[in-house]
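Me: I would like to work through this structure one point at a time, with the reasoning set out before each result. Could we look at it together first?

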Amino acid sequence: MARRLPVHFTFVATFFCISLVSIYQQEQLLQRDSSSWSIDTHHRQRKLDTHHATIHAAETERTSTSIWHDEPRSSSSSILLRAALNTPRPIPDAPINHTIERQRCARYGLTYTPRKARRRIFWGASIADDTWHIIAAQALETYGLFHTVAFVESNRTSMGNPRNLRFDQGTRNKQRLITIFGEQAKVTVDYYVNEDDGPNQLVSLEREHDQRALILQRWKKNGMTPQDIGYLSDTDEMFSRDFLRAMQICHVPQFISDGSEGHSRCAKPKVYGLAAIFEGSPGCVSAEEIYHPALMIGECIEGIGNSTLHPTPTRNNHRTYSWRTDNYTYHTYYSALHTQDYPPPHKNIPSNVYFPLFNAADFRRTPGGFFYGNDNVPLYVGYHIHNFFDDIRVLRQKYLTYGHAQTDALTKPLGDLNREVNLMVRCAVDAGDADAMNGSVMEKYKNKDDRRKHAIMKRKGGLQFLKRANYGWNGGAVPLAFRIQEYVDARHDEMVAMVHADETARLHAAANHETKLNDSLV
């Protein structure tokens with residue numbers, strides 16, 4: 001078992017407040033914004049006739065902090081939960097200080113024109129077995145930023161395997177979830193239930209996209225307008241707080257149609273950000289990056305933008321929730337809208353036409369937009385906090401039942417699940433990148449070529465390097481959650497212990513010809 005460190009609540013709350021002051025030391029800690037925001041207190045239930053999915057919209061209820069009192073104080077996730085529990089709390093960057101905002105905009109190459117109010121952000125994500133490490137890290141990063149937080153949970157995995165709802169009505173998890181993002185946020189959980197079978201059965205990406213479609217419906221129900229920002233991600237993906245604040249207040253060319261960097265009537269409206277990747281622990285930093293998640297102005301989102309101006313694209317498998325066909329994407333320069341023969345002349349998109357609005361599937365996978373960040377600095381504007389599980393069995397179950405399911409996920413060496421988990425294992429056993437090539441980590445890959453193909457290098461200097469990469473300001477390149485050293489140390493200890501215990505259990509199971517890991521040893 002991992003060494004677990006008892007943490008006094010007062011110390012954690014004090015430490016986190018100090019961290020906030022450090023992160024925003026350019027900003028004055030002004031009085032708390034005491035504006036009164038409306039809270040959605042209605043319970044709704046409706047039937048989606050298009051795909052037989054029943055949705056129960058979540059109640060957003062105010063809850064006592066007593067829902068946290070039974071949380072074990074010795075686990076690393078409890079450290080983050082208790083830091084995030086420090087609510088209600090002041091929002092140091094809530095007031096608009098023109099000097100600070102002008103400096104913020106300049107960090108991202110943007111100009112600042114004083115605004116009376118920040119743009120509203122509507123966030124949405126599917127949620128399943130995402131741990132409180134992920135949820136608390138999101139809440140710490142975005143506390144007080146969102147108008148709407150729209151989660152969708154399903155009773156089945158993306159591959160159709162049954163699962164129990166974690167955030168059902170009346171559960172302690174649900175109460176925690178709706179409390180943690182701040183008083184102003186309308187936090188809801190919609191429940192996606194689709195029991196179609198046979199030719200109508202949805203699995204993998206189609207099921208995911210059908211589920212995500214409920215997020216856009218929730219945004220519309222919560223009053224999203226064409227001038228608001230839509231923010232779609234997985235729960236373990238996030239933009240930095242500073243970058244989100246910039247998107248709310250700066251002149252963002254991608255939020256208007258005109259100009260060389262404009263979205264050109266929704267041809268290329270997505271805003272991507274370079275994100276640092278952490279595998280299993282704050283101390284396990286990948287040398288690779290991703291360009292997820294994405295933002296988009298409401299004007300270009302299906303159900304929010306003007307559908308009479310924008311054409312309806314053809315979609316894969318003729319399903320309304322599916323992603324559009326290639327001839328309606330920037331990848332082919334919207335060849336379907338050209339009058340000339342394909343390919344378009346000079347690789348230009350059509351001029352003087354409107355382009356299709358983006359549904360949730362397009363939001364995730366259809367190209368067309370602007371990238372923020374710089375991998376030469378590196379300047380990260382987001383983070384992917386990946387595989388932060390409290391139990392390796394849950395991680396193995398994920399790879400058995402989600403996405404590209406692996407039938408031997410419960411028994412194969414942990415480092416062979418995929419290249420991301422392999423990085424986590426190497427980090428846990430303190431193995432260098434060279435060890436990924438010679439197979440000295442727990443178990444060897446089947447052949448040398450496979451090892452080279454799948455190995456991910458670790459970021460040299462790891463978390464400390466990212467903390468020092470401050471880009472001329474004091475923000476650094478790590479999530480607010482990873483500024484809490486007590487959490488960083490405790491989480492890494494737990495991850496190391498889990499990896500070693502998993503290998504012990506796997507070898508024991510193999511020796512006894514068992515088909516799954518011995519629960520007592522994990």
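Me: Is arginine 163 buried or exposed?

Reply: This is a predicted model, in which local features need pLDDT of at least 70 and side-chain atom pairs count only at pLDDT 80 or more, while totals for chains, interfaces and linings use all residues. Residues are numbered from 1 along each chain as its sequence is written, and side-chain values use heavy atoms, with hydrogens and water left out. The scale calls a residue buried under 20% relative accessible area, exposed over 50% and partly exposed in between (1.4 Å probe, protein chains only). Since arginine 163 has a relative accessible area of 12%, it is buried.

Me: With which residue does the side chain of arginine 163 meet in a salt bridge?

Reply: A salt bridge here is a side-chain nitrogen of Lys or Arg within 4 Å of a carboxyl oxygen of Asp or Glu. The N to O distance is 3.4 Å for the pair that arginine 163 makes with aspartate 129; this pair links distant parts of the chain, 34 residues apart, with arginine 163 in the loop between strand 4 (148-154) and helix 5 (172-179) and its partner in the loop between strand 3 (121-126) and helix 4 (132-142). The elements are DSSP runs numbered from the N terminus: helices (H or I, at least four residues) and strands (E, at least two). At 30% relative accessibility the partner counts as partly exposed, and that partner is aspartate 129.

Me: How many residues apart in sequence are the parts tied together by arginine 364 and glutamate 237?

Reply: The closest N and O atoms of the salt bridge between arginine 364 and glutamate 237 are 2.9 Å apart. Arginine 364 belongs to helix 8 and glutamate 237 to strand 7, so the parts that this pair ties together are separated in sequence by 127 residues.

Me: What is the relative accessible area of glutamate 237?

Reply: Its salt-bridge partner, arginine 364, is buried at a relative accessible area of 14%. Glutamate 237 is buried as well, because its relative accessible area is 3%.

Me: Which strand pairs with strand 13 in the parallel sense?

Reply: Two strands pair if DSSP finds at least two bridges between them. Strand 7 (residues 237-239) pairs with strand 13 in the antiparallel sense over three bridges, and there methionine 238 stands opposite tyrosine 383. On the parallel side, alanine 276 stands opposite tyrosine 383 of strand 13, and the pairing runs over five bridges with strand 9.

Me: Which residues point the other way from Gly382, His384 and His386 in strand 13?

Reply: In a regular strand the side chains alternate between the two faces of the sheet. Strand 13 (residues 382-386) is mostly covered, with five of its five residues buried. Gly382, His384 and His386 point one way, and the residues that point the other way are Tyr383 and Ile385.

Me: What is the relative accessible area of asparagine 317, a residue with a positive phi?

Reply: Most residues other than glycine have a negative phi, and most peptide bonds are trans. Asparagine 317, in the loop between strand 11 (294-297) and helix 8 (360-365), has a phi near 60°. Tyrosine 333, in the loop between strand 11 and helix 8, also has a positive phi, of about 60°, and is partly exposed at 23%. Asparagine 317 counts as exposed because its relative accessible area is 53%.
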